[in-house]
Amino acid sequence: MTIRSYAGFTKPGFLLVHSERPVLTLLKPKLTSLSILKVLGGHERRVGLNTKFQYSVADRTFASGSVGSSMSKPDGVRLGRKQGGSSSLYSRPSLLEMKNDKAANRARVYEFLRGIGIVPDELDGLELPVTAEVMRERVDFLHKVGLTIEDINNYPLVLGCSVKKNMIPVLDYLGKLGVRKSTFTEFLRRYPQVLHASVVVDLAPVVKYLQGMDIKLNDIPRVLERYPEVLGFKLEGTMSTSVAYLVGIGVARREIGGVLTRYPEILGMRVGRVIKPFVEYLESLGIPRLAVARLIENRPHILGFRLEERIKPNVELLLEFNVRKTLLPSVVAQYPEIIGLDLKPKLLSQQTLLNSIIDIGPEDFGRVVEKMPQVISLSKTPVIKHVDFLKNCGFSLQQVRKMVVGCPQLLALNLDIMKLNFDYFQMEMKRPLDDLVMFSAFFTYGLESTIKPRHRMVAKKGLKCSLAWLLNCSDNKFEERLSYDTIDMEEMETEPSFDMNTLMEPRSDESASDYDEDSDDDYV
């Protein structure tokens, strides 16, 4: 074969060599592809090309590449096309394959959860770990903080939280605030949704808002422990409106921090559904609005009493047990807890007890509750001890009954103080027992602060007066009485009683804002 000429040109992606040959070829070409391959191979190395190229000699077509050469079918020159049906090394699975794999992984995770007793029905649509091992890690972590399988079943969506991205950062933040680790279990049982929260976006702004409500930083952990749900509230929603309403009815602004610290549930109460109806109902009983505000300051938990289910039925019970309607405001103001207790069993129990030991009837029991509604919370043993003390002092059963009806506080006072007062009455004042029957509140006055100095002043002036005239007044009033030429008989018969106006007096400089665990029972 005679090669007349070569025409060649290069492009970035390939090299083409075309040979011209005569029309008539008598002999088969002796030229092999080796020499041409060497030339082309050298050129390929110079330009650094890895693409395939083809050339044709006589009736044969050869293909050559950077790896080697192979013979192809004599279908002519084809440029830029792959030979055969070989697939790419970087092939990806189809969407269907991916979907099937995901379903298989979820099925394995569900199988693991069912195996340990967790019902995964609510997890459909929730992004879960790909492997059961990662899910096991989440379940184990929840176990470590005290949650049981039952707790997880109560809120299975907690399994969508990552241990490293969600659980650990949230619990670390709560711990740094001062929330005790011993409370984490109950905290998460009440509000497991906190594990979905972002510390920066969700939790920190709420803590800052609480500080803006005058809750002290060292009180915030106790607030969160008592009411963890507060971490999920909107800042300008229920929290702000409930506080604004309380201030509007007369709760002192400086007391808000203390009120919320002792009863943070207020932050979640709807004004129109809970707080306002409560306030208006107490007003309808005869308690002034400002007095209601003072009650809330002192006992903020009364806002948690359910109006229809508890408060109104309890008011009706008090009327049934002979508490006069006109004195209901006084009863509630003295002992606000009475409208939130399971009242009927307590009323029945105390009425039966007092009837059995001092023969108090239904009407007298009503008078006792009016003067000291806390009597319904007294234990049986202290009541009996106080009655026995009075009997040992020489009072008859009838006298004891009259004394208790006149001053039910006798059933709750410190017995040692009562004994000191009685000894002074007998040995220094030398009055008859009937004086104590007429004014049994004598035992409620301080011996050193009130009884002794007033008795000495009266004795020095040579006056004779009742115990009521002597004791039942302020120090200023007593000074005024000593200047009288005669003793007013009406003042002698006056008995101490609760004054609603004391609730509405201007507050002193002392504030009730300091955190304190209040007890519902002031008497033992």
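What follows is a walk through a predicted model, from one helix and its neighbours to the charged pairs and a few unusual backbone spots.

Let's start with helix H5, which covers residues 163–177. Its length works out nicely: with 15 residues at 1.5 Å each, the helix should span 21 Å, and the C-alpha atoms at its ends sit 20 Å apart, so the two figures agree. At the N-terminal end, Ser-162 acts as a cap, with a side-chain oxygen 3.4 Å from the backbone nitrogen of Lys-164. Past the other end comes Gly-178, where phi is positive, near 115 degrees.

Which residues of H5 are buried? They are Val-163, Asn-166, Met-167, Val-170, Leu-171, Tyr-173, Leu-174 and Leu-177. If you look at the spacing in that list, it helps to remember that an α-helix has 3.6 residues a turn, so residues three or four places apart point the same way. The buried residues of H5 pack against four helices: H3 (132–144), H6 (184–190), H7 (199–212) and H8 (220–226).

Two of those H5 residues, Leu-174 and Leu-177, turn up again among the contacts of Leu-224. Beyond its neighbours within four places in sequence, Leu-224 also touches Val-179, Phe-187, Leu-210, Val-230 and Leu-231. Leu-224 belongs to the largest nonpolar core, a set of 146 residues. Within that core, the residues with the most contacts are Leu-159, Leu-195, Leu-224, Leu-231 and Phe-442.

Now for the charges. Side chains of opposite charge can pair when their charged atoms come close. This model has 21 salt bridges, and a couple of them sit around the helices we've just been through. Take Arg-180 and Glu-225, whose closest N and O atoms are 2.5 Å apart. Arg-180 is in the loop between H5 and H6 while Glu-225 is in helix H8, so this pair ties together parts that lie 45 residues apart in sequence. The two partners differ in how much surface they show: Arg-180 is partly exposed at 43% relative accessible area, whereas Glu-225 is buried at 14%.

A second bridge joins Glu-229 to Arg-190, with 3.1 Å between the closest N and O atoms. This one also links distant parts of the chain, since Glu-229 is in the loop between H8 and helix H9 (238–249) and Arg-190 is in helix H6, 39 residues away. Arg-190 has a relative accessibility of 33%, so it counts as partly exposed.

For a pair of sequence neighbours, look at Glu-255 and Arg-254, which meet in a salt bridge with an N to O distance of 3.9 Å. Is Glu-255 buried or exposed? It is buried, because its relative accessibility is 0%. Arg-254, on the other hand, is partly exposed at 41%.

Further along the chain, the salt bridges join up into a network made of Arg-324, Glu-363, Arg-367 and Glu-370. Glu-370 is a good place to zoom in. This residue lies in helix H16 (residues 362–371), and its 6% relative accessibility falls below the 20% cut-off, so it counts as buried. The Glu-370 side chain makes a polar contact of 3.0 Å with the side chain of Arg-367. Setting aside residues up to four places away in sequence, Glu-370 touches Asn-322, Val-323, Arg-324, Leu-327, Ser-330, Val-331 and Gln-334.

One of those contacts, Asn-322, has an unusual backbone. Most residues other than glycine have a negative phi. In Asn-322, though, phi is positive, near 75 degrees. Asn-322 sits in the loop between helix H13 (307–320) and helix H14 (328–334), and it is partly exposed at 22% relative accessible area.

Asp-214 is another non-glycine residue with a positive phi, near 70 degrees. You'll find Asp-214 in the loop between H7 and H8, two of the helices that the buried residues of H5 pack against. Its relative accessible area is 42%, which makes Asp-214 partly exposed.

One last stop is Glu-150, in helix H4 (residues 149–154). Glu-150 counts as exposed, because its relative accessibility is 58%. Its C-alpha atom lies 8.6 Å from that of Gly-117, although the two residues are 33 places apart along the chain.

Technical notes. Residues are numbered from 1 along each chain as its sequence is written. This is a predicted model: local features need pLDDT of at least 70, side-chain atom pairs count only at pLDDT 80 or more; totals for chains, interfaces and linings use all residues. Side-chain values use heavy atoms; hydrogens and water are left out. Buried means under 20% relative accessible area, exposed over 50%, partly exposed in between (1.4 Å probe, protein chains only). A polar contact is a pair of N or O atoms within 3.5 Å; within protein, one must be able to donate a hydrogen and the other to accept it, and residues adjacent in sequence count only if both atoms are side-chain atoms. Contact means heavy atoms within 4.5 Å. The expected span of a helix is 1.5 Å times one less than its number of residues. A nonpolar core is a set of buried Ala, Val, Leu, Ile, Met, Phe, Trp, Tyr and Cys residues joined through side-chain atoms within 4.5 Å. A salt bridge is a side-chain nitrogen of Lys or Arg within 4 Å of a carboxyl oxygen of Asp or Glu.
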